[in-house]
Amino acid sequence: MTFKEQIQQGIPSILPETKPYDPSINHAPKRKDILSKEEKELALRNALRYFEPKHHATLLPEFRDELEKYGRIYMYRFRPDYKIYARPIEEYPGECEQAKAIMLMIQNNLDYAVAQHPHELITYGGNGAVFQNWAQYLLVMKYLSEMTDAQTLAVYSGHPMGLFPSHKDAPRVVVTNGMMIPNYSKPDDWEKFNALGVTQYGQMTAGSYMYIGPQGIVHGTTITVLNGFRKIKKETNGGLFLTSGLGGMSGAQPKAGNIAGCVTVCAEVNKKATETRHSQGWVDEVISDLDALSKRVKEAIENKETVSIAYDGNIVDVWEKFAEDNIHIDLGSDQTSLHNPWAGGYYPVGLTYEEANEMMANNPEQFKKDVQKSLRRQVEAINKHTAKGTYFFDYGNAFLLEASRAGAAILSEDKSKEFRYPSYVQDIMGPMCFDYGFGPFRWVCASGKPEDLQKTDEIACKVLEDLMKNSPEEIQQQMQDNITWIKGAQENKLVVGSQARILYADSDGRLQIASAFNKAISEGKIGPVILGRDHHDVSGTDSPYRETSNIYDGSRFTADMAIQNVIGDSFRGATWVSIHNGGGVGWGEVINGGFGMVLDGSEDAQRRLENMLFWDVNNGIARRSWARNEEAVFAIKRAMENNPHLKVTLPNFVDDNLFK
């Protein structure tokens, strides 16, 4: 069978051979044994409904074994034999170009070079799933190969509910992930209903098919580190950034530190993750001895090196060792997956990686105690450093939240603040980027040609340089950071998987870059381009401890903005839209909305991009403005001046002296 024929067949009528478990692949940890005997039977019935009854007797013991061994039914037997990666768009079957683009993005999410646990269909974050099982993948790809421009595919937490009649301006796919009734949206609920096969954790861009490898988080971390050093009024050269996590999205940290120009130390307990990042060139050196690490870091700081060092071990040991050896840390953070603390997102100090994996599966209560004890130790060490001038920030991974739940000394004595340390959005990304409309705009060259990516880099750079000539002083620094970024993008070899790029742009920047791409496509200079963004943006995500943590009017615990965002994108021209419960900071802690848009050089594409991209950004600026964020008030007033059809309710400011 050809690749196209395999896609078109969907679930094969003849059972494929079983596939051996491949220990060379980075696999998801075993999930908690949380189902009752009756619920396990229900999970098996749920899995078997994808297959003809004649296969049930064969598949039942196999699926039961997977459920017992791994806590989930992945249906490994049905993993395709072909290599999964983002092929050029013309290699996908079907008549609908938009559907082919979505297939390309799905396969990019599951590329071995991109995905954290590819055999479990998990892209990043330990549990950020594209699909729950391989039957869902096969069915979705088949539906997309059959789709016309007058149909929409509804995907419920990985499960393709089916193709429904719609129209050419409707989204081709609508994705929902983890959208539980609120009272059933706690971590153990997620474990239970995911094990039953009825919901999944789509993370931010995994379950919405818009992950582009670690490049996205490299850019965000680079901007964060640059602005972090600006905040403490120190040059990056010779500065020390300490953090943790090299798997999934966190693996981008050392690369970002190198681009920013500082010394970066990143601890990781999973040797496979460290080896992957080192082999990819994303981290320069690997050290597994604390004394050797301490000596090397002192040397790097003294020589003002730009170098990234992976410590093969636990981050808590590093914080404590650097305090003992009096090594000054300029910036400190953490990028372990603490949204998922009990199932592999955070590994407690004092246990090996293997010991921790065994304990989380077989003694989850003790594992939880060890995680919380480790967090208390980590915070104690961090507090010693911040007392000496270290600037520590929560990098949106729920570190502060979980540390507080563990009883760590992390709460603020200032009644107006919850935590001793800020979220990076509160201090850096919110007021410096999001409130002005700057966020992670990204694109993928559907041709798969590196030369197309280079051409789009050049187009985007010229657009930004032209815009900067007349841009207000308030956004000049952000404009320049992104011009510098795009000029160095090729040299920094950021592509992993698809031919993709990301930069931070405001509404004007996104519109003009997209329009320039569409024009270049129409002139035959480049092939089709797929637009998107991280959900971690101005408008797409309501997350009180991250994206909306600098909203102080009490509305940061509401999710109207994210819901409005995805509804608005869907009728303004997005090719596909997604809405998720969970992502980045945990299930029940955030609502994320995202989109994808295919540019084909047509007038239709131009109409859609103008309508949708403007809304996608300014919806969020309007909400931030109403929260009385002064930078957002400035930005929305500017947007209204540029577009007479935009009329936004502005807040009136109240004199603080009235309350004295």
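Which residue takes a positive phi in the hairpin of β3 and β4? Keep that in mind as you look at the structure, which is a predicted model.

## A hairpin to start with

The answer is S157, with a positive phi near 45 degrees. This hairpin has two residues between its strands. Strand β3 covers residues 151-156, and strand β4 covers residues 159-165. The two run antiparallel, and six bridges join them. To find one of these pairings yourself, start at Q151: its bridge partner in β4 is P165.

## Two helices that cross

Now turn to helix α2 (residues 37-48) and helix α3 (residues 56-70). Their axes come within 10 Å and cross at roughly 130 degrees. Is that parallel, antiparallel, perpendicular or oblique? Roughly perpendicular stops at 115 degrees and roughly antiparallel begins over 145, so α2 is oblique to α3. As for handedness, α2 passes α3 in a right-handed crossing.

Which residues make the contact? From α2 come K40, A43, L44, A47 and L48. From α3 come H56, L59, L60, F63, R64, L67 and E68. Sort the residues of this contact by type and you get eight nonpolar, one polar and three charged.

## A closer look at K40

K40 sits in helix α2. Is K40 buried or exposed? Its relative accessibility is 18%, and the cut-off for buried is under 20%, so K40 counts as buried.

Who are its contacts? Setting aside neighbours within four places in sequence, K40 is in contact with D33, L35, L67 and E68. You've met L67 and E68 already: they are on the α3 side of the helix contact.

## Helix α6 joins in

Helix α6 spans residues 187-195. Its buried residues are D189, W190, E191, F193, N194 and A195. What do they pack against? They pack against α2 and α3, the pair of helices that we just saw crossing. Just after α6 comes G197, which takes a positive phi of about 85 degrees.

## A strand under cover

Next up is strand β16, residues 576-581. How many of its six residues are buried? Six of the six are, so β16 is largely enclosed by the rest of the structure. Both of its faces are covered. On one side, W576, S578 and H580 are buried, and on the other, V577, I579 and N581 are buried too.

β16 also has strand partners. Strand β5 (residues 173-177) pairs with β16 in the parallel sense, over five bridges. Within that pairing, T176 stands opposite I579. Strand β17 (residues 591-599) runs antiparallel to β16, and six bridges join the two. Here W576 has G596 of β17 as its bridge partner.

## S549, tucked into a loop

Last stop: S549, in the loop between β15 (541-542) and α19 (560-572). Its relative accessible area is 1%, so S549 is buried.

What does S549 touch? Not counting residues up to four places away in sequence, it touches S423, V425, Q426, S543, P544 and R556. Another residue to find is Y424: S549 and Y424 are 125 residues apart in sequence, yet 8.9 Å apart in space, going from C-alpha to C-alpha.

Conventions: Residues numbered from 1 in each chain as written. Predicted model: local features only at pLDDT ≥ 70, side-chain atom pairs only at ≥ 80, totals over all residues. Heavy atoms only, no water. Pairing = 2+ DSSP bridges. Helix = DSSP H or I, 4+ residues; strand = E, 2+ residues; numbered from the N terminus. Axes fitted to C-alpha atoms, helices over the stretch in contact; angles between N-to-C directions. Parallel < 35°, antiparallel > 145°, perpendicular 65-115°, else oblique. Left-handed = near helix turned anticlockwise from the far one by under 90°. Contact = heavy atoms within 4.5 Å. Nonpolar A, V, L, I, M, F, W, Y, C, P; charged D, E, K, R; others polar. Buried < 20%, exposed > 50% of the residue type's maximum accessible area, 1.4 Å probe, protein only.
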